[in-house]
Amino acid sequence: MLKQTHKFFGSRRQHAAMRGMDIAAAMAAEAMQAGVEVWLEATVLGLYQDGVLLVQQRERVVTVQVARVVIATGAGEKTLAFPNNDLPGIYGAGAVQTMLHLYGVLPGRRVLMVGAGNIGLIVSYQLLQAGVEVIAVLEAMREVGGYLVHASKIRRAGVPLLTRHTVVGALGTRFLTGVVIGRLDDSGGIVPGSERVLEVDVMCLAVGLTPAAELLWQAGCRMAYIPELGGHVPVRDGRMQTTVPGIYVAGDVAGVEEASSAMVEGRMAGLAAAWDMGFQSPQYPHLWAEAETELAALRGGPVGARIRQGLAKLAAVRAREVAAGA
Amino acid sequence: MLSSNAVAEPADLAAVTPSPERLARGPVAIAECFQQIPCDPCSWACRRGAIPPFVDLNQRPEIDWELCNGCGVCVSACPGLAIFVVDLSRDPAVVRLPYEFLPRPEAGATVTLVGRDGCALGEGRVQRIQDGRVQDRTAVVWVEVPADLAMAVRHIRFGGNGQ
């Protein structure tokens, strides 16, 4: 969220029309005001079945015994296999955003963006705002994967969208000097003779995310492979609880989706964990119903079809497991 | 095609454009929002009820051009930067467009007029710029354009970032 400088979609309840970085600041302030203790620069190294978390914070390593834990570790970036894909100058989109927004460092001068999903489109726009030339956005599919409004913003700023194109290879010896791209035919091969070289010093990969679920694996949560949700996701009940009692999930780690849904899932996981610990507020049914309505609205349209399909698959997996266990 | 190159075609635009009579009468908002996505800030930004509350979060905005007075609050409220105000009652016509690059153009500056595909369409003069708290860093640039380009100009260039 801190690296999202654009105004968010969604509805008022998810702070739509506020910029991601401002939403993050507002939510952090809200948490602090509520008395939440925040540990910064802290990494959870392990999550054990007896409810012990191993945490490293700067120079210290501590164990923490928890009654309930909500895992909201997000997602990691996928990458692409092509010759020379380890050359300096080839970045994931998250790294480019970190350089731009946290460190104020330009990754280079001329960028080729790979992937026309929302991340590729948004990061292209942010690069333009930072004064970097984006020479094209490459997309293997026939159509733009992200929101058309994001694509239109960079189109009118002069960035070409090359659909049905892919990376053939990277050029350079010590660092990236160019990228060979090619047009894809109907069977997914390169159209002979369509290869050409784009001279760039940065190639930014925005080819999708996969849940950062290592802690859930380690804790023994049952996982299911659901491509629509980004890969392996935890099997969970309707209350965001995994198959290990006391471990809840929210956001991309539970299935790669939009940030607005992640915020709502976070609220739900928090509500469920609090309820299960005995903090059974009379407001709970209302807050829960509100969150469910919001999620249904966010996922309800054509762009939510894939998520709905993935969640239906996940629910089927869980139903089978419950039946087998009973 | 819109879905592959993100440039609206005449048929896409016809469906979101007010009548010639309404356009001639004065400033009016045009939402170039062609995809059903979960997003509704335009509807609650409008203080005149010209963009009624959404029944479905994924519906597209339907602007009531009789209620719309072209105030332009929706231009900077739209997270997709997809709303523009066009005023064909003036000569030259004025297009108000969302702008998030630095530096901002100054009133009186001559800028390159740019179409939806990023191509230059000519030159125009910046009339004024709204860039206050309400706009929240999505400036609204008022640019004078020849009347026949009012439905084509959707961006400007004048050097600086994002050019």
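1. Does A:Val167 count as buried or exposed? In this predicted model, A:Val167 counts as buried, because its relative accessibility is 9% and the cut-off for burial is under 20%. The residue lies in strand β10 of chain A, which spans residues 165-171. Beyond its neighbours within four places in sequence, A:Val167 is in contact with A:Leu80, A:Phe82, A:Val114, A:Leu138, A:Val179, A:Val180 and A:Met203. A:Glu139, which is 28 residues away from A:Val167 in sequence, has its C-alpha 9.5 Å from that of A:Val167.

2. On confidence, the predictor assigns the complex an ipTM of 0.97 and a pTM of 0.97. For chain B, the mean pLDDT is 96, with 98% of the residues at 70 or more.

3. Chain A contains an open sheet of 5 strands with parallel pairing, in the order β6-β13-β7-β8-β9. Its edges are β6 (90-92) and β9 (161-163), each of which pairs on one side only, and the average turn between neighbouring strands is 20 degrees, direction ignored. Within chain A, β7 (residues 110-114) and β8 are joined in the parallel sense over 5 bridges, and A:Val111 stands opposite A:Val134 of β8(A). Helix α3 of chain A, residues 118-129, lies across β7, β8, β9 and β13 (202-205) of that chain and runs at about 170 degrees to β7(A).

4. The antiparallel pairing of β1 (residues 42-47) with β2 (residues 52-57) in chain A also extends over 5 bridges. Here A:Thr43 stands opposite A:Gln56 in β2(A). The hairpin of β1(A) and β2(A) has 4 residues between its strands, and A:Gly51 takes a positive phi near 85 degrees in this hairpin.

5. Helix α4(A) is largely enclosed by the rest of the structure, because 9 of its 9 residues are buried. The buried residues include A:His150, A:Lys153, A:Arg155 and A:Arg156, together with A:Leu148, A:Val149 and A:Ile154. One of these side chains, that of A:Lys153, lies over the face of A:Tyr125 at 4.0 Å from the ring centre. Just after the helix, A:Gly158 has a positive phi of about 95 degrees.

6. The search of the whole structure for aromatic pairs returns 6 over all chains. Among them, A:Phe9 and A:Tyr147 are edge-to-face, at 5.1 Å centre to centre and with 75 degrees between the planes. This pair links distant parts of the chain, 138 residues apart, since A:Phe9 belongs to the segment before α1 (20-33) of chain A and A:Tyr147 to the loop between β8 (133-139) and α4 (148-156) of chain A. A:Phe9 and A:Tyr147 are both buried. A:Trp275 and A:Tyr284 form a tilted pair, with 4.5 Å between centres and 35 degrees between planes. In that pair A:Trp275 counts as partly exposed at 27% relative accessibility, whereas A:Tyr284 is buried at 12%.

7. One aromatic cluster draws on both chains, being formed by A:Tyr125, B:Tyr99, B:Phe101 and B:Phe158. B:His155, in strand β7 of chain B (residues 155-157), is in contact with two members of that cluster, B:Tyr99 and B:Phe101, and its contacts beyond four places in sequence also include A:Arg156 and A:Ala157. The relative accessible area of B:His155 is 3%, so this residue is buried. Elsewhere in chain B, the charged end of B:Arg154 sits over the ring of B:Phe84, 4.9 Å from its centre.

8. Some backbone details merit a check by eye. In chain B the peptide bond from B:Asp91 to B:Pro92 is cis, with omega near 0 degrees, and B:Pro92 is placed in the loop between β2 (83-87) and β3 (93-99). Another cis peptide bond, with omega about -10 degrees, joins B:Leu102 and B:Pro103, where B:Pro103 is in the loop between β3 and β4 (110-114) of chain B.

9. Positive phi values also occur in residues other than glycine. For A:His15, phi is near 60 degrees; this residue lies in the segment before α1 of chain A and counts as partly exposed at 26% relative accessibility. For A:Asn84, phi is near 70 degrees; A:Asn84 is found in the loop between β5 (75-77) and β6 of chain A and counts as partly exposed, with a relative accessibility of 37%.

How values were computed: Residues numbered from 1 in each chain as written. Chains lettered and ligands numbered in written order. Predicted model: local features only at pLDDT ≥ 70, side-chain atom pairs only at ≥ 80, totals over all residues. Heavy atoms only, no water. Helix = DSSP H or I, 4+ residues; strand = E, 2+ residues; numbered from the N terminus. Buried < 20%, exposed > 50% of the residue type's maximum accessible area, 1.4 Å probe, protein only. Contact = heavy atoms within 4.5 Å. pLDDT = per-residue confidence, 0-100. Phe/Tyr/Trp six-rings, centres within 6.5 Å; stacked < 30°, edge-to-face > 60°. Lys NZ or Arg CZ within 6 Å of the ring centre and 35° of its normal. Pairing = 2+ DSSP bridges. Axes fitted to C-alpha atoms, helices over the stretch in contact; angles between N-to-C directions.
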